[in-house]
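The exercises below ask for geometric and accessibility assignments, each followed by a solution in steps. Please work with the sequence and the coordinates side by side.

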Amino acid sequence: MTHWIVVPLVLPAVVAPLLILASRHNLAAQRVISIAAAAALLAVAVGLYGLAQDGTVRPYLVGAWPAPYGIVLILDRLSATMVLLFAVLALAIVVYATAGWDLRGRHFHPLFQFQVLGVNGAFLTGDVFNLFVFFEVMLIASYGLMLHGGGARRLKAGFRYVTVNLIGSTLFLFAVGTIYAVTGTLNMADLARKVAAVPAGDTALLGVGAVMLFLVFALKASVAPLHGWLPTAYAAAPGLSAALFMIMTKVGAYTILRVYTLIFGADAGALAGIVTPWMLPAALATLAVGAIGMLAARSLLGLACFAVVWSMGSLLVAFGLFDTGGIGAGLYYVLHSTLAGASLFLLVDMLVPQRGTAEDRLVPAPLAHPALLAGLFFATAVAMAGLPPLSGFLGKLMIMEASRGSTAAVWIWGMILATSLVAILAFARAGSVVFWKPARGAAPAGPAAAPHAASSTADAAVTPAIATPAPHAASSTADAAVTHAIATPAPHAASSTADAAVTPGMATPAPHAVSSTADAPELPAGVAPGEAAAKQGASAPVAPGQGTTGEGMPSQASSSHASYERPARARVPAPPRLQPLPVAVLTILLGATVALTALAGPVRREMGLTAAQTLDTGAYVRAVLGPAATAAAGRP
């Protein structure tokens with residue numbers, strides 16, 4: 001079973017070129033192969049997670065080269081949890097894509113498989129250089145997924161995204177080189193053994209390498225003030241890609257946790273806890289920036305992007321405690337925030353085509369399927385904002401409980417509670433604009449509601465219920481009868497070359513409300529306006545010169561029924577039909593957060609065990625290098 005550790009890397013590495021070489025022009029075959037590979041990955045991830053439950057750290061030596069000289073993969077509770085979480089998300093994303101999203105560009109499925117390879121490699125690798133390699137694989141695949149479908153806006157944001165990540169990769173390479181120059185190794189277990197024994201003269205240089213490495217991971221995790229790339233890139237990326245990218249920010253958080261508990265943890269001598277003083281303030285700043293950004297967002301995608309930044313702040317507050325309680329609470333929050341964030345991006349991806357030209361802007365707009373989409377938005381907002389009873393609320397409660405012993409507990413509690421209130425306000429504002437205002441502000445039904453609703457060459461009878469007739473509501477060459485109840489008729493409401501009957505009750509006739517070549521007789525008592533108008537219109541003679549006004553100006557209407565042409569109605573394209581498959585995928589992801597809430601007790605205990613194992617550096621070093629190396633380093 002130990003050989004199964006390498007399957008999450010081998011499987012996508014084989015499937016991706018197979019999709020390009022064997023089924024490049026056969027999308028149906030690509031879909032089948034990609035879904036089957038994602039399902040197989042999920043099955044393997046479940047098996048590996050079960051294997052890691054005994055608490056044993058299992059190294060996999062690629063090519064049978066012993067550590068620290070060869071490539072080593074590590075399976076423990078932490079890496080198994082992250083691989084399983086990503087396998088669930090990956091299967092949901094690839095199924096969602098088969099609803100037609102993968103038709104918008106080329107090579108979606110191969111790029112998706114390369115993305116799976118990079119992310120799984122980052123979770124399972126046991127040395128820093130291969131972490132850099134898998135970062136690059138993951139980022140190169142993400143460049144293609146972000147630009148999937150094309151477009152000028154996407155291309156511009158993609159250029160920034162690539163530039164920022166190239167800077168991060170360069171800094172990563174400098175950090176790796178610095179650490180290797182000082183210690184002579186890049187194997188994580190070997191580094192954990194050697195860092196404490198570095199000569200005092202090299203400690204500062206090794207510290208520089210450690211800080212540069214932290215900056216790279218913080219950039220990937222969108223920690224403030226390095227978060228600026230995320231709202232621009234994710235807002236321009238396709239919704240499906242943004243949902244998949246939810247795991248990429250978690251890769252940054254995972255590497256911070258792995259490196260700064262294992263290599264620069266409590267046993268690292270002079271460099272122990274080197275980033276701890278910066279971690280918590282940066283996490284609190286990320287919370288504040290994310291909440292303010294959510295409140296200031298002018299689009300649904302902007303709201304979702306800053307919600308991701310805000311959730312990363314909550315997660316890094318927990319990891320920044322660097323103790324069992326904080327890490328356990330953070331791991332529970334990782335599961336929640338990944339599923340909830342992906343659900344939010346998928347929901348926005350479904351909402352945008354339903355809103356026509358308004359797209360994702362926070363403005364009132366007609367919306368197809370408002371009841372279903374409003375229900376999904378409400379559930380997603382409750383999960384994302386952390387309202388009870390869903391897993392977001394429990395996750396934040398665990399983080400606050402874990403911070404009770406910290407000297408910064410007041411700041412942590414205050415920031416989490418205050419920013420949660422701001423997040424609730426932001427989601428409530430967005431929901432009211434998108435789902436409530438269009439219903440209240442909708443135009444009333446009826447012919448008078450539309451411009452030129454009553455345009456005729458004969459008679460135009462405006463009903464008493466019309467409060468504000470549209471411009472040119474009644475344009476006629478014969479009679480126009482306007483009733484008592486018209487309070488404010490529009491200019492040129494009745495333009496006629498014959499008779500115009502105006503009732504005595506008209507309060508304020510508009511200028512030129514009646515333009516006629518004859519007098520407008522009053523209606524006799526007991527005769528309905530429409531009836532009188534019909535009689536008069538039927539018998540109205542066509543006088544010479546009819547078709548011009550009394551001033552000799554050309555009339556607005558033609559002179560006969562035969563020559564009149566009804567104005568063509570503007571064709572409003574119908575919104576695309578809401579497909580059941582994406583709705584089902586979104587519902588399953590939201591259901592997973594509900595299941596996470598129901599299983600909060602067992603999951604919390606499991607995450608606590610995972611946190612305890614993550615902090616046990618000695619067990620990790622013994623498993624990878626053997627008991628002799630551990631004893632030589634003086635570790636228990």
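## Exercise 1: Helix H1 and its surface

At 39% relative accessibility, Leu 18 counts as partly exposed, in a model that is predicted.

**Task.** Place Leu 18 in its element, and classify Leu 21 as buried or exposed.

**Solution.** Step 1: Leu 18 belongs to helix H1, and Leu 21 is likewise found in helix H1, which covers residues 7–22. Step 2: partly exposed is the class between 20% and 50% relative accessible area, so Leu 18, at 39%, falls into that class. Step 3: Leu 21 has a relative accessible area of 75% and is therefore exposed. Step 4: Leu 21 also takes part in a nonpolar surface patch with Ile 20 and Phe 114, and together these residues have about 280 Å² of accessible area. Step 5: for a distance check, the C-alpha atoms of Leu 18 and Gln 30 are 9.2 Å apart, with their positions 12 residues apart along the chain.

## Exercise 2: Salt bridges

**Task.** State how many salt bridges the structure holds, and then describe the pairs Asp 54 with Arg 58, Arg 258 with Asp 76, and Glu 401 with Arg 604.

**Solution.** Step 1: the structure holds seven salt bridges. Step 2: in the pair of Asp 54 and Arg 58, the closest N and O atoms are 2.7 Å apart, which satisfies the criterion because a side-chain nitrogen of Lys or Arg has to lie within 4 Å of a carboxyl oxygen of Asp or Glu. Asp 54 is partly exposed because its relative accessibility is 46%, whereas Arg 58, at 16%, counts as buried.

Step 3: Arg 258 and Asp 76 form a salt bridge with an N to O distance of 3.0 Å. This pair links distant parts of the chain, since Arg 258 sits in helix H11 (residues 246–262) and Asp 76 in the loop between strand E2 (72–75) and helix H3 (77–97), 182 residues apart. Both Arg 258 and Asp 76 are buried.

Step 4: the side chains of Glu 401 and Arg 604 form a salt bridge at 2.8 Å, N to O. Here too distant parts of the chain are linked, with Glu 401 in helix H16 (residues 391–402), Arg 604 in helix H20 (residues 600–614), and the two positions 203 residues apart. Glu 401 is partly exposed, having a relative accessible area of 41%, and Arg 604 is partly exposed at 40%.

Step 5: Asp 190, Arg 193 and Lys 194 are joined in a network of salt bridges.

## Exercise 3: Two crossings of helix H14

**Task.** Describe how the axis of H14 is oriented relative to H20 and relative to H15.

**Solution.** Step 1: the axes of H14 (residues 324–354) and H20 come within 8 Å and cross at roughly 125 degrees. H14 is therefore oblique to H20, and the crossing of these helices is right-handed.

Step 2: the axes of H14 and H15 (residues 370–385) come within 9 Å, with a crossing angle of roughly 150 degrees. H14 is therefore roughly antiparallel to H15, because angles over 145 degrees are placed in that class. The crossing of H14 and H15 is left-handed.

## Exercise 4: Backbone geometry in loops

**Task.** Which peptide bond ending at Pro 68 is cis, and where does Pro 389 lie? Then locate Phe 322 and Glu 359, and give the phi of Phe 322 and of Glu 359.

**Solution.** Step 1: the bond from Ala 67 to Pro 68 is cis, with omega near 10 degrees, and Pro 68 lies in the loop between strand E1 (58–61) and E2. Step 2: the bond from Pro 388 to Pro 389 is also cis, with omega near 10 degrees, and Pro 389 lies in the loop between H15 and H16.

Step 3: Phe 322 is not a glycine, yet its phi is positive at about 50 degrees. Phe 322 lies in the loop between helix H13 (300–319) and H14, and its relative accessibility of 17% means that it counts as buried. Step 4: Glu 359, in the loop between H14 and H15, has a positive phi near 50 degrees although it is a residue other than glycine. With 45% relative accessibility, Glu 359 counts as partly exposed.

How values were computed. Residues numbered from 1 in each chain as written. Predicted model: local features only at pLDDT ≥ 70, side-chain atom pairs only at ≥ 80, totals over all residues. Heavy atoms only, no water. Patch = residues over 30% accessible without salt bridge, like charges linked within 9 Å, V, L, I, M, F, W, Y side chains within 5 Å. Areas by Shrake-Rupley, 256 points an atom, 1.4 Å probe, with all protein chains shown as cover. Helix = DSSP H or I, 4+ residues; strand = E, 2+ residues; numbered from the N terminus. Buried < 20%, exposed > 50% of the residue type's maximum accessible area, 1.4 Å probe, protein only. Axes fitted to C-alpha atoms, helices over the stretch in contact; angles between N-to-C directions. Parallel < 35°, antiparallel > 145°, perpendicular 65-115°, else oblique. Left-handed = near helix turned anticlockwise from the far one by under 90°.
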